[in-house]
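User: I am learning to read protein structures and would like to work through one with guidance. Could the features be taken one at a time, with the general idea before the case?

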Amino acid sequence: MNASPLVTVAMSAYNASGTIDLALRSILAQTYQDWELIVVDDGSTDRTAESILHVKDSRIRFIQEPLGNLGLAARLNQCVHLARGRYVARMDADDVAYPQRLERQVQFLEEHRGIDLLGTGAMIFKGEGEVIGCYPTASSHEAICRRPWWGFPLAHPTWMGKRTWFLSHPYSDEDTRCEDQALLLQSFSYSRFAALEEILLGYRLDNISARKLGRGRLNYCRRLLRRVDDIPSAMISVQGVLVHSLGFGRDVLLDFAGTLNRWSRSSFQVANDRVLKEWQVVWKHIISQETDCSMMSVKS
């Protein structure tokens, strides 16, 4: 194990026994290998811990504390303080990283030292790899920050940034369900963001919950209103509140419609043939990695 890896992958896991093995396999399959992975079990009540301990790799640091469910913000801050890497990469316990993800992001950040935070394109999927669409992504700082009242098209699980930036801009417990967007809102004026257009992460979305999305929109609007100090900022905040109110109405309709149907899928960008083929290759590769591991476990 390298005592000073260049990259620390930060993962908070809560009741993720059904998906975390696939997420871990996708990190182990990275073409870039100078990393450590910190996994914090956020008070899971299922077999998440067993799934993590099943994977034997000295680069994985598993943190399990009897403090219960503290939430995503607290656990990510904990990961950042424990990190030894120059860069911190986000990863959710139900997503799939493409094999080249860390390699591409490290190369970009090393060549662009002025960038604090880097995202990538993301494929949205559900179940056993069924494609829903692509997450909308902008590549330049100006394009990402074009409409702060609406939000920032920078998918949270794709983030890799300087550890010093994360230490200077911790997540807040007050921003439940909008931890990432609130953090971008508070820091974009004196930070530099970018994103690779290339799709390098599979983002799992099995259903749409109006309750969860509504809480995130409400907390984000609160952040907007706290920034009001003159007439222009008040106009921006009002615009944001109106947009997110309409957005919540849409969320309720999609939630009422049940699963992710054709209507809800139209909210995402369409995946073209090339993107679909690349995803199929990645999915089959990661699944085969998981099968190989299971076979080794049975034999041992």
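Analyst: Certainly. Please keep in mind that this is a predicted model. A convenient starting point is R90, which is in strand 4.

User: Is R90 buried or exposed?

Analyst: The general idea is to compare the relative accessible area with a cut-off: a residue under 20% counts as buried. R90 has a relative accessible area of 2%, and therefore it is buried.

User: Which residues surround R90, leaving aside its neighbours within four places in sequence?

Analyst: R90 is in contact with A10, L72, L76, R101, H156, P157, W159 and Y171, once neighbours within four places in sequence are set aside. In addition, the side chains of R90 and D92 are joined by a polar contact of 2.7 Å.

User: L76 and R101 appear among those contacts. Which residues of helix 3 are buried?

Analyst: Helix 3 covers residues 72-82, and its buried residues are A73, R75, L76, N77, Q78, C79 and V80. These buried residues pack against strand 1, strand 2 (35-41), strand 3 (60-64), strand 4 (87-90), helix 6 and helix 7.

User: Where do the buried residues of helix 4 fall when it is seen down its axis?

Analyst: The general idea comes from the helical repeat. An α-helix has 3.6 residues a turn, so residues three or four places apart point the same way. In this structure, helix 4 spans residues 101-111, and R101, L102, Q105, V106, F108 and L109 are buried there. Seen down the axis of helix 4, they fall within an arc of 165 degrees, so they line one face of the helix.

User: How should a pair of packed helices be described?

Analyst: Two packed helices are described by the angle between their axes and the distance between the axes. Here, the axes of helix 8 (residues 210-226) and helix 9 come within 9 Å and cross at roughly 180 degrees. An angle over 145 degrees counts as roughly antiparallel, and helix 8 and helix 9 are therefore roughly antiparallel to each other.

User: Which residues of helix 8 and helix 9 meet?

Analyst: On the helix 8 side, the residues include A210, L213, R217, Y220 and L224. On the helix 9 side, they include S237, V241, H244, F248 and D255.

User: Is P232 buried or exposed?

Analyst: P232 belongs to helix 9, which comprises residues 231-256. With a relative accessible area of 51%, P232 is exposed. The C-alpha atoms of P232 and L276 are separated by 43 Å, although these residues are 44 places apart along the chain.

User: How far apart are the C-alpha atoms of R204 and I132?

Analyst: R204 and I132 are 72 residues apart along the chain, and their C-alpha atoms are separated by 9.5 Å. R204 lies in strand 9 (residues 193-204) and, at 12% relative accessibility, counts as buried. A polar atom of the R204 side chain lies 2.9 Å from the backbone oxygen of G127.

User: Which residues does Q181 contact, leaving aside its neighbours within four places in sequence?

Analyst: Q181, found in helix 7, is in contact with G151, F152, L154 and Y220 when those neighbours are left aside. A polar atom of the Q181 side chain lies 2.6 Å from the backbone nitrogen of F152. Q181 is buried, with a relative accessible area of 14%.

User: How should a nonpolar core be read?

Analyst: In soluble globular proteins, nonpolar side chains tend to be buried together. The largest nonpolar core here has 47 residues, of which V7, M11, I20 and V39 touch the most other members. A second, separate core of 30 residues includes A83, F166, L183 and L184.

User: What is the phi of N15, and what is that of R177?

Analyst: Most residues other than glycine have a negative phi. Phi of N15 is near 45 degrees, a positive value, and phi of R177 is near 70 degrees, also positive. N15 lies in the loop between strand 1 (7-13) and helix 1 (20-28), while R177 is found in the loop between helix 6 (163-168) and helix 7 (179-187). N15 counts as partly exposed at 31% relative accessibility, and R177 is partly exposed at 47%.

Key:
Residues numbered from 1 in each chain as written. Predicted model: local features only at pLDDT ≥ 70, side-chain atom pairs only at ≥ 80, totals over all residues. Heavy atoms only, no water. Helix = DSSP H or I, 4+ residues; strand = E, 2+ residues; numbered from the N terminus. Buried < 20%, exposed > 50% of the residue type's maximum accessible area, 1.4 Å probe, protein only. Polar contact = N/O pair within 3.5 Å; in protein donor to acceptor, adjacent residues only side chain to side chain. Contact = heavy atoms within 4.5 Å. Core = buried A, V, L, I, M, F, W, Y, C linked by side-chain atoms within 4.5 Å. Arc of directions from axis to C-beta. Axes fitted to C-alpha atoms, helices over the stretch in contact; angles between N-to-C directions. Parallel < 35°, antiparallel > 145°, perpendicular 65-115°, else oblique.
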